[in-house]
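Q: Can you take me through this one? I'd like to start with one sheet and then get the overall numbers.

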Amino acid sequence: MHHFISMMFSLLVIIGLQVSVESAGRRPERSINRHYRSELTVPNGGIWGSWGQIEMCPGGTYAAGFSLKVQNPVGRGDDTALNGIRLHCNNKNKGSSSLSHDSTVQSDVGSWGEWTEIQWCLSGFLTAFQLRVQTSQGKGDDTAANNIKFKCSQGSLEGNGTQWGDWGDWSQTCEGKGICGIKTQVEAPQGRGDDAALNDVRMYCCN
């Protein structure tokens with residue numbers, strides 16, 4: 001009997017290890033411990049919410065494109081505008097030609113809206129950004145971050161966000177090859193209060 005129990009225990013351990021390895025193999029492609037060379041910030045981010053974790057592209061890859069989670073205007077309801085930013089990473093200098101090698105990373109994301117189509121640099125990687133932010137509206141409806149622009153190694157891209165607020169100054173330009181990580185400041189749902197969702201973002205650059 002003890003021999004049978006011992007065999008069954010060994011079998012369960014082996015199965016458990018196999019499941020653990022298979023689960024690990026399905027984790028998102030990202031590198032939480034990747035070293036970055038510089039941090040990019042902008043001065044006009046919103047004031048509400050808390051910062052999420054830094055999320056990094058897998059080693060050897062950089063952000064060549066992005067997509068946004070955007071809530072379209074809801075009329076007399078509570079608008080939240082920009083809710084999330086997703087980086088699309090690869091290891092080539094032609095974002096649109098390497099879709100099969102694409103991996104994605106995102107930090108904290110708001111609860112509303114839908115993801116837009118991916119926008120790719122024509123050449124190279126994302127190297128700087130600019131944020132469109134609505135300042136505090138007092139007793140009115142606050143939306144905070146509304147849209148984002150990126151500079152690429154060549155050219156620039158503007159997101160398909162919403163139109164409230166103003167564009168601030170550009171961030172610094174990457175020291176290194178390109179943007180490789182992101183961290184976002186997002187306000188959690190406020191119940192019956194005014195929701196603003198994504199307020200600010202920081203980008204990270206790697207060699």
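**Sheet and overall numbers**

Q: What is the bridge partner of V133 in β12?
A: V133 is bridged to D166 of β12. Keep in mind that this is a predicted model.

Q: How many bridges join β9 to β12?
A: There are 2 bridges between β9 and β12, and the two strands run antiparallel.

Q: And which way do β9 and β10 pair?
A: Strand β9, residues 126–133, and strand β10, residues 145–152, are antiparallel and share 7 bridges. Along that pairing, L126 is opposite C152 of β10, and A128 has K151 as its bridge partner.

Q: What is the strand order in the sheet?
A: The order is β11-β10-β9-β12, an open sheet of 4 strands with antiparallel pairing.

Q: Why is one side of β11 and of β12 left without a neighbour?
A: β11 (156–158) and β12 (166–167) are at the edges and have a single partner strand each, so each has one side with no neighbour in the sheet.

Q: Back to β9: how many of its residues are buried?
A: For β9 the count is 8 of 8 residues buried. Across the protein, buried residues make up 44% of the 207 residues.

Q: Changing topic, what is the secondary structure of the whole protein?
A: The protein has 1 helix and 14 strands.

Q: What about contacts: how many are between residues 24 or more positions apart?
A: Of the contacts with a separation of 6 or more, 74% are between residues 24 or more positions apart.

Q: Last one, what does the accessible surface come to?
A: About 11100 Å², with 50% of that belonging to carbon and sulfur atoms.

Definitions and conventions: Residues numbered from 1 in each chain as written. Predicted model: local features only at pLDDT ≥ 70, side-chain atom pairs only at ≥ 80, totals over all residues. Heavy atoms only, no water. Pairing = 2+ DSSP bridges. Buried < 20%, exposed > 50% of the residue type's maximum accessible area, 1.4 Å probe, protein only. Contact = heavy atoms within 4.5 Å. Areas by Shrake-Rupley, 256 points an atom, 1.4 Å probe, with all protein chains shown as cover.
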